[in-house]
Amino acid sequence: MEVLTKKRRFVSMLFYLGVCILLAALFQDIFQPSIISSKTKINSDFFPESIEQQKEIDASKGRRRLHSCEGCSKEKDVSITTSYLDASGALQMQNLRSKDLSASWVWQKLDASAHKGEMNNMGEAPINDSEIPEKNSQSYKTELLSPEKLRKLSQILKRREHRATDLEHVSNESQEVMETAAIEHTEHFDFSLNGRYSSWRKEFEKVPSDYILKILKNQVIIARVYTSIAHSKRQNKLFHSLLKSIKDSRNFIGEANSDVELKKGAKQQAKSMGRVLSSAKDSLHDNAVVMRKLRAMVYSTEEIANAHRNKGTFLAHMASRVTPKPLHCLALHLTSDYYLNHYNNVSDLANATKLEDPDLYHYAIFSDNVVATSVVINSTLINTSEPEKHVFHIVTDKLNFPAMKMWFTVHHSHGSTVHVENVDSFKWLNSSYCPVLRQLESDELKEYYFKTNQQSLLSFGDDNLKYKNPKYLSILNHLRFYLPEIYPKLDKILFLDDDVVVQKDLTLLWSIDMKGMVNGAVENCNVNFHQYKHYLNFSNPKISVNFDPEGCGWAFGMNMFDLKEWRKQHLTGVYHHWQNMNDERQLWQLGTLPPGLLTFYNTTHVLDGDWHVLGLGYNHHLNISKIENAAVIHFNGNYKPWLDLAIIKYRKYWSKFIMLDNPYLQYCHIYESF
């Protein structure tokens, strides 16, 4: 309490002192007008005591006057004699020629009354004795001031009067409030940098967390340059000293990413290395040699970085194609139960009529991944009000057929119909009918994929490496072009990839008028690499003549196909035509999207963009609100949600549809991955 009282007294003293100063200044301005504040820059030049003093001021400032001269002009060279008073007050005379004067000197004709109207070289108005006010007149002080200065002076005086009036009427209560606020404000003062803080001095800026680490790394780079130069000049002592310093610095750096992680004594090592480098610089430094060595180091570093980047790309592709151990365990466990429990002898003809009913909602899913397929079906049924009207047609390969069949036999999907088929049961699908099967079985393609003496995969670029994807060898990837043959009794079917998640009711897609088009898909014109020219070889005339390189592409993943129009326009034959022409991969490399763009060219109905959002398997910067408002989200890319490579912030949209309490999933520890 005593401390607070002292502070209050101190603030009160300061307050009253300020009031006294303001009142004194106001009194001085009102009753002593000859004293003007230095801030207004008004000095005795504005208020001369006499005409003679005014003339002395003009002379001291170098203001010279041209007297009138008959017949004188700018063209004539006239001799001029000037007189003026120097700084000591002595009279000085000077002769000069009129042509030596600057353009600011002007001849002016005046009457013979006096030489009071001439113009000086500063372009100022002449001084007339009759116009100078008397010393005691009201206008004496202000007449020589400019209007702007007069306005500013008036504002200053008004502000001072208002402040003085306000201070005179301050109540005791208001004064106490001001004192308390001032005391509270002082309690938060930080005096830790008192006497040494300076906002413009760089040494007081925040030191980076890796300041010493960067110094050590830079020293190692320079030391490597000097080591090479010392070795070439056979300065062995300095060479070994630099090698030892480099080794010691690297030992201190280790795997550190900041100064905190450096080993103890790193700062002393930086100083020691600095002394060694200073000695090396005195003995070896040559700008041309050092520049050449640094360029060589940059080139070598770029080569190493490219090698690591290619290796990383290759490993990422490998990781994205390998089946995770939990999923492999699940497939094995389901397959063994399928045969041990004799589910292979169970008939599934109970819902045979639904499989061909065109009034129901039919979906086609071609996959060998049990968990991914179950997520697609679960997410679809959860977002629909009549699951019994939905029929899912699943086609898988011979290896995964027992596991897929077992899963959907044991787990009834909300009353819907799930029909699993083996692609090998389609006897009509053979190499004599299907060009892609013939190409997949060719020796050329096998050599492309499996030749042992081919160029290392690590040296492939990312564009070439993606064509080494094993999915391009699977017929499941090409079944989408045979939907009318697989389901001859259906009129419409919705094709879904196994890496999608359904977030809204999709039944509205069946009511869309496709206006005679076959393929209902979302275009990707806003993305540059989804144009036709990025998928097809437009240097080939077969492509350039028939297609627009700037045409908008679209993606497989969620496509509504009108099978009646498909059959009517014979689009399967169109697909065979282009597939046969690409026998040597001259029109496009591999994959299903390029032939899809050709097959459904000018037969694609554009759907609204919210139906299908892509990129969750490769793009880290998608708009979250756009993802959450989409009807279907697609994990296209290498980072599938069931892999360790998955983008973590997107995985939740997929994993919430997994039945983590399922005994099969728990047995294979699949829940631990999510």
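Start by selecting helix 5 and helix 6: helix 5 passes helix 6 in a left-handed crossing. Keep in mind throughout that this is a predicted model.

**Stop 1: the helix pair**

Helix 5 covers residues 211-232, and helix 6 covers residues 236-253. Look along both axes. They lie 9 Å apart and meet at an angle of about 155 degrees. Angles over 145 degrees count as roughly antiparallel, so helix 5 is roughly antiparallel to helix 6.

Now show the side chains in the contact. From helix 5, select Leu-213, Leu-216, Lys-217, Val-220, Ala-223, Arg-224, Tyr-226, Thr-227, Ala-230 and His-231. From helix 6, add Phe-239, Leu-242, Leu-243, Ile-246, Ser-249, Arg-250 and Ile-253. Colour them by class. The contact has 11 nonpolar residues, 3 polar and 3 charged. As you step along the selection, recall a rule for α-helices: with 3.6 residues a turn, residues three or four places apart point the same way.

**Stop 2: helix 21**

Move on to residues 648-655, which form helix 21. Which of its residues are buried? Select Tyr-650, Arg-651, Tyr-653, Trp-654 and Ser-655. Next, bring up what these buried residues pack against. There are two helices to show, helix 10 (370-382) and helix 20 (624-629). Add two strands as well: strand 7 (500-502) and strand 12 (632-634).

**Stop 3: two residues with positive phi**

Most residues other than glycine have a negative phi. Two residues here call for a look at the backbone.

Select Lys-515 in the loop between strand 7 and strand 8 (519-521). Its phi is positive, about 55 degrees, although Lys-515 is not a glycine. Is Lys-515 buried or exposed? Lys-515 is exposed, with a relative accessible area of 66%.

Then go to His-570. You will find it in the loop between helix 17 (563-569) and helix 18 (571-581). His-570 also has a positive phi, near 55 degrees, and is not a glycine. Switch on the surface here: His-570 is exposed, and its relative accessible area is 58%.

**Stop 4: the whole chain**

Zoom out and show the cartoon. The protein chain has 22 helices and 12 strands. How many of its 674 residues count as buried? The share is 39%. Show the full surface. The chain exposes about 40,300 Å², and carbon and sulfur atoms supply 53% of that area.

Finish with the contacts. Take those between residues at least 6 apart in sequence: 72% of them join residues at least 24 apart.

Key
Residues are numbered from 1 along each chain as its sequence is written. This is a predicted model: local features need pLDDT of at least 70, side-chain atom pairs count only at pLDDT 80 or more; totals for chains, interfaces and linings use all residues. Side-chain values use heavy atoms; hydrogens and water are left out. Axes are lines fitted to C-alpha atoms, for helices over the stretch in contact, and angles run from 0 to 180 degrees between N-to-C directions. Helices (H or I, at least four residues) and strands (E, at least two) are DSSP runs, numbered from the N terminus. Angles under 35 degrees count as roughly parallel, over 145 as roughly antiparallel, 65 to 115 as roughly perpendicular and the rest as oblique. A crossing is left-handed if the near helix is turned anticlockwise from the far one by less than a right angle, and right-handed if clockwise. Contact means heavy atoms within 4.5 Å. Ala, Val, Leu, Ile, Met, Phe, Trp, Tyr, Cys and Pro count as nonpolar, Asp, Glu, Lys and Arg as charged, and the others, Gly among them, as polar. Buried means under 20% relative accessible area, exposed over 50%, partly exposed in between (1.4 Å probe, protein chains only). Accessible areas come from the Shrake-Rupley method with a 1.4 Å probe; for residues, only the protein chains shown count as cover.
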